[in-house]
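Visitor: I would like a close look at one part of this model. Please take me through the place where the two chains meet.

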Amino acid sequence: MTQPHIPHPDLPPPANAVGAIGWLRRHLFSSPANIALTALALYLLYALLPPVLNWAFFDATWRGDSREACSGQGGACWIFIRTHFAQFMYGFYPEAQRWRVDMLVLLLIFGVAPLFIRTVPAKLKRRLGLGLLIAFPIFAFVLMRGGILGLAAVETSSWGGLLLTLVIAGVGMTGALPLGVLLALGRRSTMPTIQALCVTFIELWRGVPLITVLFMSSVMLPLFLPAGLNFDKLLRALIGVTLFQAAYMAEVVRGGLQAIPKGQLEAAAALGLGYWKSMGLIVLPQALKLVIPGIVNTFIALFKDTSLVLIIGLFDLMNIVHNATTNPAWLGFSTEGYVFAAAVYWLFCFGMSRYSRNLEKRLHTGHQR
Amino acid sequence: MPESQSPAISTPVSDQIMIDIQSLHKWYGAFHVLKDINLTVHKGERIVICGPSGSGKSTTIRCINRLEEYQRGRIVVDGEELSNDVQRIEHIRREVGMVFQHFNLFPHLTVLENCTLAPIWVRKLPRQEAEEIAMRYLTRVKIPEQASKYPGQLSGGQQQRVAIARSLCMNPKIMLFDEPTSALDPEMIKEVLDTMVALAEDGMTMLCVTHEMGFAKTVAHRVIFMDGGEIIEQNRPHEFFTHPQSERTKLFLSQILHH
Ligand SMILES: Nc1ncnc2c1ncn2[C@@H]1O[C@H](COP(=O)(O)OP(=O)(O)OP(=O)(O)O)[C@@H](O)[C@H]1O
Ligand SMILES: [Mg+2]
């Protein structure tokens with residue numbers, strides 16, 4: 001007689017391994033050292049959080065139009081930010097013309113949003129993406145710069161604030177990524193001339209600080225250019241930032257390219273795909289996915305590095321805030337100004353970081369073997 | 001006319017020469033890997049290449065679709081001589097399918113996309129037509145239900161069958177196999193070999209590097225033994241296994257047949 005096999009029933013895991021208590025035990029109180037660290041962290045929170053919250057919120061002044069309203073409270077004077085807010089956003093862009101910028105921002109939001117909605121067909125997304133990449137920058141430049149079609153001209157020197165930061169960061173990112181990809185491919189090329197050119201470019205730009213690049217572009221470049229030929233200052237900064245970051249991007253992308261097994265290229269070649277199709281359809285999609293964290297890291301660095309354009313006298317967000325704190329009518333509010341600037345930078349960088357994590361998760365296609 | 005007679009699976013072999021390799025030499029640096037390889041393969045012919053590790057089997061078949069360069073000799077595939085011309089190489093690769101030991105599926109694409117990629121981008125077929133063809137071949141390798149999965153979600157045997165289907169979707173005239181079953185667990189080897197036998201029954205011109213001697217006996221018109229970068233011996237499977245001519249072949253056969 002054989003006993004029929006009765007499968008062991010599935011039991012729930014023990015109570016102290018799951019739920020809130022299980023989590024606390026595992027993560028905060030798993031060992032004496034861990035308990036000590038938890039205690040230390042709690043103490044630091046207790047010591048630091050209340051003063052910060054008091055300064056920023058509970059004792060802060062929100063209402064009023066003048067610095068007099070802020071006297072005596074001891075907390076932050078957010079009125080300073082409120083009264084300067086428009087300037088922080090647009091710089092010295094003439095007030096009557098700011099609708100152009102607003103319109104572009106709206107257009108950008110409506111153009112970009114569908115790219116992030118999963119139900120929008122891929123074909124439409126591709127067209128939209130291409131439009132945003134090629135048509136939008138031209139249109140945006142013409143509209144913001146004006147000087148034709150009855151639009152008043154607004155010199156790039158009066159663009160400023162967050163607007164300028166976003167222009168530099170946006171152009172820098174959209175330029176640096178494709179350029180970086182090309183440089184990375186070139187560096188791995190079997191053609192010695194192309195390889196040498198790319199290596200030289202990358203090493204040259206990586207070897208100098210961005211601040212030097214910007215400085216040279218505004219001080220030295222004019223010395224070499226024929227007299228009278230005036231190269232727009234913003235354009236010089238854009239080119240400098242883009243080329244500089246492209247060199248970094250190239251090395252990030254190269255890291256990804258190296259991680260792709262040779263077999264992938266061989267399989268693509270065996271199917272009759274040429275170099276560009278193999279790269280574009282097989283190698284780059286995998287390589288770029290692998291280095292999303294590195295790419296976003298470079299983007300974040302780029303975003304923050306835009307603040308260095310103050311060295312050549314452009315009024316990006318950082319510089320315009322700094323400028324406002326030296327305004328004689330509003331002396332003494334630099335903390336509020338820098339905290340505000342920091343918060344704006346943080347918001348954008350954190351947004352990029354979250355988006356990249358989301359993207360990584362979405363692109364994950366099953367376990368690697 | 002090829003000298004070979006019909007194996008267990010008999011499909012017609014025509015006079016038309018599909019692959020002609022003439023005194024092929026290849027060096028890796030100073031290392032002489034291939035030494036005077038001569039091989040003619042007719043349309044519909046099936047050839048199994050075996051030999052010890054490092055004997056140059058992979059290198060030989062990889063020269064046929066120019067995954068490897070060679071320094072001397074000539075290779076004519078379907079009437080076209082291989083040269084350094086990229087266009088011509090790509091043209092020949094379209095007609096020559098290849099299956100690798102480690103599958104080399106594209107992990108970022110679904111099974112269906114793996115199969116339709118080359119037909120769409122190389123053959124310029126409309127997507128819908130490419131998908132119909134892909135489903136037809138996925139059905140033939142018996143995994144149509146996996147079409148929307150990613151390679152990472154399949155077993156090794158399933159992946160290798162997808163790789164075969166992917167090659168077939170280009171409608172190749174010749175199929176090259178480089179040890180297609182040696183990275184597989186025993187229970188999966190059979191499903192892949194069955195797929196290859198079915199392909200043989202359709203009369204495909206095949207060159208297989210494999211040590212599956214049962215497979216060689218069933219499908220091959222000719223078995224080629226390589227050692228040290230040379231073709232030592234070639235014969236019909238029956239004669240090859242029962243009356244090997246050279247000592248090296250005998251030694252090799254005794255090693256792979258007795259364990
Ligand atoms: N890229 C390379 N550079 C230098 N030597 C190589 C290279 N690829 C292969 N070889 C050498 O060439 C010889 C033949 O290699 P090949 O891969 O063709 O052998 P094989 O017969 O397929 O062996 P295996 O059964 O192990 O796959 C080996 O000695 C190998 O070490
Ligand atoms: Mg091999």
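Guide: What follows goes through the interface of chain B and chain A, mainly from the side of chain B. The model is a predicted one. Between them, chain B and chain A bury about 2100 Å², and 62% of that area lies on carbon and sulfur atoms. On the side of chain B, the residues that lose the most area to chain A are Phe106(B), His108(B) and Trp121(B); together these three make up 25% of what that side buries. In terms of contacts, 22 residues of chain A are touched by 28 residues of chain B.

The polar part can be listed briefly. Six residue pairs are in polar contact between chain B and chain A, counting pairs with both residues at pLDDT 80 or more. The rule finds one salt bridge across this interface. Its partners are Arg62(B) and Glu266(A), whose closest N and O atoms are 2.7 Å apart. This pair satisfies the rule because the cut-off for a salt bridge is 4 Å between a side-chain nitrogen of Lys or Arg and a carboxyl oxygen of Asp or Glu.

As for the elements involved, four in chain B each supply at least two residues of the side that touches chain A: helix H2 (86-95), strand S6 (96-99), helix H3 (111-121) and helix H5 (156-168). Sorted by class, that side of chain B has 14 nonpolar residues, eight polar ones and six charged ones.

Methods:
Residues numbered from 1 in each chain as written. Chains lettered and ligands numbered in written order. Predicted model: local features only at pLDDT ≥ 70, side-chain atom pairs only at ≥ 80, totals over all residues. Heavy atoms only, no water. Contact = heavy atoms within 4.5 Å. Buried area = accessible area lost by both parts, 1.4 Å probe. Polar contact = N/O pair within 3.5 Å; in protein donor to acceptor, adjacent residues only side chain to side chain. Nonpolar A, V, L, I, M, F, W, Y, C, P; charged D, E, K, R; others polar.
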